[in-house]
Amino acid sequence: KRTPEQLKRQSEGRANIIYTFKSPDGSIVSFTNLIKASIPVSYGTLRNLVRGLTKEFKGWTFVKAEPYKK
């Protein structure tokens, strides 16, 4: 079981970060919009782009990660 402190730390972690990517046609797309649009790029590929393990995949590149602002 997780303590309340652990739950708070997790909720303030990666779940509240907006990841943006650049598509092959040059438009900026957020991770959420990628999933909704059913773009044929796997989660593993996007993760590798964010981590810097892959610089580019079929024209897709990682742009930035920023905290979600409510």
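Guide: A residue counts as buried under 20% relative accessible area, as exposed over 50%, and as partly exposed in between (1.4 Å probe, protein chains only). The model is predicted, so local features need pLDDT of at least 70 and side-chain atom pairs pLDDT 80 or more, while totals for chains, interfaces and linings use all residues. Residues are numbered from 1 along each chain as its sequence is written, and side-chain values use heavy atoms, with hydrogens and water left out.

Visitor: Why does F62 count as partly exposed?

Guide: The relative accessibility of F62 is 27%. That value falls between the limits of 20% and 50%, so F62 is partly exposed.

Visitor: What makes F21 and F62 an aromatic pair, and is the pair stacked or edge-to-face?

Guide: Rings of Phe, Tyr and Trp (its six-membered ring) pair when their centres lie within 6.5 Å; planes under 30 degrees apart are stacked, over 60 edge-to-face, and the rest tilted. The centres of F21 and F62 are 5.8 Å apart, and their planes meet at 65°. Both values satisfy the rule, so the pair is edge-to-face. F21 lies in strand β1 and F62 in strand β3 (residues 61-67), so the pair ties together parts that are 41 residues apart in sequence. A search of the whole structure finds one such pair. F21, at 1% relative accessibility, is buried.

Visitor: How do you know which segments are helices and which are strands?

Guide: They are DSSP runs numbered from the N terminus: helices are H or I with at least four residues, strands E with at least two. The protein has three helices and three strands, and their order along the sequence is α-β-β-α-α-β.

Visitor: Is the protein a compact globule or more spread out, and how is that known?

Guide: The radius of gyration is taken over C-alpha atoms, and the globule rule is 2.2 Å times the number of residues to the power 0.38. For 70 residues the rule gives 11 Å, whereas the protein has 14 Å, well over that figure; it is therefore more spread out than a compact globule. The C-alpha trace spans about 45 × 25 × 20 Å along its principal axes, and 17% of the 70 residues count as buried.

Visitor: What makes up the largest nonpolar core?

Guide: Such a core is a set of buried Ala, Val, Leu, Ile, Met, Phe, Trp, Tyr and Cys residues joined through side-chain atoms within 4.5 Å. Here the set has eight residues: Y19, F21, V29, L34, V41, L46, L49 and W60. Strand β1 (17-22) and helix α3 (43-51) each supply at least two residues of this core.

Visitor: Why is the link between K64 and E66 called a salt bridge?

Guide: The term requires a side-chain nitrogen of Lys or Arg within 4 Å of a carboxyl oxygen of Asp or Glu. The closest N and O atoms of K64 and E66 are 3.6 Å apart, so the requirement is met. By this rule the count is one salt bridge. Side chains of opposite charge can pair when their charged atoms come close. Both partners are partly exposed, K64 at 40% and E66 at 30%.

Visitor: Which residues does K64 contact beyond its sequence neighbours?

Guide: Contact means heavy atoms within 4.5 Å. K64, in strand β3, is in contact with I18, Y19 and T20, leaving aside neighbours within four places in sequence. S30, in strand β2 (residues 28-30), is likewise in contact with I18, Y19 and T20 when its own neighbours within four places are left aside.

Visitor: Why is S30 called buried?

Guide: Its relative accessible area is 17%, under the 20% limit, so S30 is buried.

Visitor: Where is K22, and which residues does it touch?

Guide: K22 is in strand β1. Beyond residues up to four places away in sequence, K22 touches S27, I28, G59, W60, T61 and V63. Its relative accessible area of 39% makes K22 partly exposed.

Visitor: What makes the phi of K58 notable?

Guide: Most residues other than glycine have a negative phi. K58 has a positive value, near 50°, and is not glycine. The residue sits in the loop between α3 and β3. At 68% relative accessible area, over the 50% limit, K58 is therefore exposed.
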